[in-house]
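Please describe this protein model for someone who has not seen it before. Cover the sheet, a helix pair and a few loop residues.

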Amino acid sequence: MISANDLSPAELAALLHFHADAGVEWLLEEEAIDRFAEFEAMKAARRPAAAQAQQQHPAAGERPAPGQAPPRPNAATRPAPPERAASGPQPAIPDGEAVQQARFVAETARSLVELKTAIEAFSSCNLKHSARSTIFASGDAESGIMVIGSAPSAEDDREGMPFSGKSGQLFDKMLAAIGLKRSAILLTQVIPWRPPGNRAPSAAEMDICRPFIERQIALAEPKAILLLGNFSARFFFGENDTIHGLRGRWKEIAVADCVIPAIASLHPQDLLTAPVNKRLAWNDLLAFQAKLKSLSLLTN
């Protein structure tokens, strides 16, 4: 094993990035676990089963006498079939059936509270089983202002809220620059569960999650939407261009019976990676601010 002390700063950084891309987020458990005691308990649990198997199946040296048939196990000695665990991983279902279930769950929710409860109980998307938290809309649903990010980050998944960590701090500053704060808008993500290793959601996963985000929009009835990030812009605009080609232009999103103006901009994480793009994001924020003022959603 190579000690961390033997690695250069660049090699150590590369190793940490490799683990992060693979989905490794915590090096230690939150509580200490005695693995030795756990192993001994597992061995102790196996001993009765091994002894029973030895009694029912004699060793190779204890063969029956010539001409004597081996004893047949009766109902009393035959081992009982193992009981199925009461809980465990849900069986996989076809993607099409999962989409139908998601649509039914979304359409039957009559409020954001009901929808949140339904999404938290939904188990037909594989992203749910690998995520720690379900990220749902938060803030003021009556504001008429909605901001939609792409998918939860590792910090979002850990904190249980969208736009956490350093990107969340930058996001708060972006809102403050145009006279807003997160508690005064409705903030959510396209995908409610973090994809492992921050990978892009698959087409099937997007189809399963689409009814949930569209129902959030339909129930909130926002007057204007700000989309943050390449994935979010592509998801709603139905185009394959990069965020640099999709940002800064107002388009309309049709959800249920609502047609809502929306503008896309760079995600705060993109700005942390490439600060030179902040000037582009600032122009988008000014355009969003002007739209809110024209709709009487922002007065200052």
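Met-146 has Ile-225 in β4 as its bridge partner. Four bridges join β2 (residues 145-149) to β4 (residues 224-228), and the two strands run parallel. Strands here are DSSP runs of E with at least two residues, helices are runs of H or I with at least four, and both are numbered from the N terminus. Two strands count as paired if DSSP finds at least two bridges between them.

This is a predicted model: local features need pLDDT of at least 70, side-chain atom pairs count only at pLDDT 80 or more, and totals for chains, interfaces and linings use all residues. Residues are numbered from 1 along each chain as its sequence is written, and side-chain values use heavy atoms, with hydrogens and water left out.

**The sheet**

β2 also pairs with β3. Four bridges join β2 to β3, again in parallel. Ile-148 has Thr-188 in β3 as its bridge partner. β1 and β3 pair in the antiparallel sense, over two bridges. Ser-138 stands opposite Leu-187 in β3.

The open sheet has six strands in the order β1-β3-β2-β4-β6-β5, and its pairing is mixed. Its edge strands are β1 (138-139) and β5 (251-255), each pairing on one side only. Strands of a sheet pair through backbone hydrogen bonds, either parallel or antiparallel.

β3 (residues 186-189) is covered on both faces. Leu-186 and Thr-188 are buried on one side, Leu-187 and Gln-189 on the other. Buried means under 20% relative accessible area, exposed means over 50%, and partly exposed lies in between (1.4 Å probe, protein chains only).

**Loop residues**

Three loop residues are set side by side here.

| Residue | Loop | Relative accessible area |
|---|---|---|
| Ser-150 | between β2 and α6 (154-159) | 11%, buried |
| Asn-198 | between β3 and α8 (203-220) | 46%, partly exposed |
| Ala-256 | between β5 and β6 (258-265) | 66%, exposed |

Most residues other than glycine have a negative phi. Asn-198 is not a glycine, yet its phi is positive, at about 60°. Ala-256 is not a glycine either, and its phi is positive at about 55°.

What is Ser-150 in contact with, leaving aside its neighbours within four places in sequence? The list is Gln-189, Val-190, Ile-191, Leu-228, Gly-229, Phe-231 and Ser-232. Contact means heavy atoms within 4.5 Å.

**A helix pair**

Two packed helices are described by the angle between their axes and the distance between the axes. The axes of α4 (residues 112-121) and α8 come within 10 Å and cross at roughly 170°. That makes α4 roughly antiparallel to α8. Axes are lines fitted to C-alpha atoms, for helices over the stretch in contact, and angles run from 0 to 180 degrees between N-to-C directions. Angles under 35 degrees count as roughly parallel, over 145 as roughly antiparallel, 65 to 115 as roughly perpendicular and the rest as oblique.

Leu-112, Leu-115 and Ile-119 in α4 meet Phe-212, Arg-215, Gln-216 and Leu-219 in α8. By class, this contact has five nonpolar residues, one polar and one charged. Nonpolar covers Ala, Val, Leu, Ile, Met, Phe, Trp, Tyr, Cys and Pro; charged covers Asp, Glu, Lys and Arg; the others, Gly among them, are polar.

**The whole chain**

The protein chain has 12 helices and six strands. Buried residues make up 35% of its 300 residues.
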